[in-house]
Amino acid sequence: MLPYLNLGCGNKFHPDWVNVDFVSTGEGVIAHNLLSGIPMPDNKFEVVYHSHVLEHFQRDDAFKFIQECYRVLKPGGIIRIAIPDLEQIARNYLEQMELALKGDKAAESNYDWMVLEMYDQTVRDKEGGNMLKYLGSDISNEAFVYKRIGEEGKMFREMLLSQKNQPVHKPKKKFTRFFKPKYLKNKIKNFVLGADKSYAEIGKFRKGGEIHQWMYDRYSLGRLLKSAGFKNPEVKSAFESNIPNWNNFGLDLHDNKVRKPDSLFMEAYK
Ligand SMILES: C[S@@+](CC[C@H](N)C(=O)[O-])C[C@H]1O[C@@H](n2cnc3c(N)ncnc32)[C@H](O)[C@@H]1O
């Protein structure tokens, strides 16, 4: 096992690394809530990596998490972070808005997508939000969207479209449920609260790790790293790294292409 740590690995992990996520997503993946710290001793790892994880933490928690990354790294060790790039989103949003204002028809849809990228992942209260709806519909700006979400996103859209074309077998509703006390109690509660979905359900979703709690750019991420003690934060490409043999691990790549092109990649040293 390499002294390399991948936090919030999801389904993208290398078997020679130590991998951690909320739930075990594969063989050897350690199930752990990173909001309660990193379950590893001080100065243990040469590399700490996380991809599209930090934005899911509130700002205070993000700072504590980066401090934890610092603690578990050996002196001289490298942190590498991949994260949606707020600067790229903002620049694209402004560019598409200017074009749309000039009457460019293609830019209208691109503008809609950029607003989704900026807000939907923060404000949604159900899985996938409006982005899921957009990706599952007929769109005129596929090339632009794929440029933003990469191969992984493209595969996801193709899956959504193929599911849409499957015949749907709706189970027959059982009439008896209308007379069940729990059903009636919920109906009355929702009527009184004026809400279809209970607030607790929305709260549970919003705390479940899907939504974006904050966003970063090369300035604010560098500043965060420095405030936790890291040195020389530097922007990298998906292919570039000071981590030896980085491209052999395939973590930021898919079929030798950038896996998440909307990312900012940054490295710094302990
Ligand atoms: C957008 S996914 C990114 C997954 C993977 N790193 C990648 O690049 O494809 C965010 C991951 O962070 C994990 N995550 C979010 N909050 C977490 C927490 N508090 N503790 C552990 N994992 C967490 C989620 O379970 C999910 O797998």
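## A walking tour, starting at V235

Select V235 first: leaving aside residues up to four places away in sequence, V235 touches R218, L264, F265 and M266, where a contact means C-beta atoms, placed from the backbone, within 7 Å. This is a predicted model, in which local features need pLDDT of at least 70, side-chain atom pairs count only at pLDDT 80 or more, and totals for chains, interfaces and linings use all residues. Residue numbers run from 1 along each chain as its sequence is written.

Stay with V235 a moment. Is it buried or exposed? V235 is partly exposed, because 13 other C-beta atoms lie within 10 Å; the cut-offs are 20 or more such neighbours for buried, 12 or fewer for exposed, and partly exposed in between, with C-beta atoms placed from the backbone. Now pick L221 as well: L221 is 14 residues away from V235 along the chain, and their C-alpha atoms are 9.9 Å apart.

**The sheet**

V235 belongs to strand β6. Strands here are DSSP runs of E with at least two residues, helices are runs of H or I with at least four, and both are numbered from the N terminus. Colour the open sheet of seven strands and you can read off the order β3-β2-β1-β4-β5-β9-β6, with mixed pairing; two strands pair if DSSP finds at least two bridges between them. At the edges are β3 (30-31) and β6 (231-236), each with a single partner strand, so one side of each has no neighbour in the sheet.

Move inward to β4 (residues 45-51) and β5 (residues 73-84), which run parallel and are joined by six bridges. Click V48 to find one of its neighbours across the pairing: its bridge partner in β5 is I79.

**Two bent helices**

Next, select α3 (105-123). Its 19 residues should span 27 Å at 1.5 Å a residue, and the end C-alpha atoms are indeed 27 Å apart; the expected span is 1.5 Å times one less than the number of residues. Look for a kink of about 35° centred on E117, the bend being the angle between axes fitted to the seven residues ending at a residue and the seven starting there. E117 is also buried, as are A107, N110, Y111, W113, M114 and Q121. The buried residues of α3 pack against α2 (86-101), α4 (129-135) and α5.

Where does α5 bend? Go to G150, where the bend is about 120°. Helix α5 (residues 142-164) spans only 17 Å between its end C-alpha atoms, whereas a straight helix of 23 residues would span 33 Å. V145, R148 and I149 are buried in α5, and α3 is among the elements that cover the buried residues of α5.

**The ligand**

Centre on the ligand, which 14 residues surround; the closest are G8, G10, L34, S51 and G209. A residue counts as near when its C-beta atom, placed from the backbone, lies within 6 Å. The shell divides into five nonpolar, seven polar and two charged residues.

**A last loop**

Finish at D255 and N256. D255 sits in the loop between β7 (253-254) and β8 (257-258), and N256 is in the loop between β7 and β8 too. Phi is near 50° for D255 and near 65° for N256. Most residues other than glycine have a negative phi. D255 is exposed, with 7 other C-beta atoms within 10 Å, and N256 counts as exposed with 8.

Methods:
Ala, Val, Leu, Ile, Met, Phe, Trp, Tyr, Cys and Pro count as nonpolar, Asp, Glu, Lys and Arg as charged, and the others, Gly among them, as polar.
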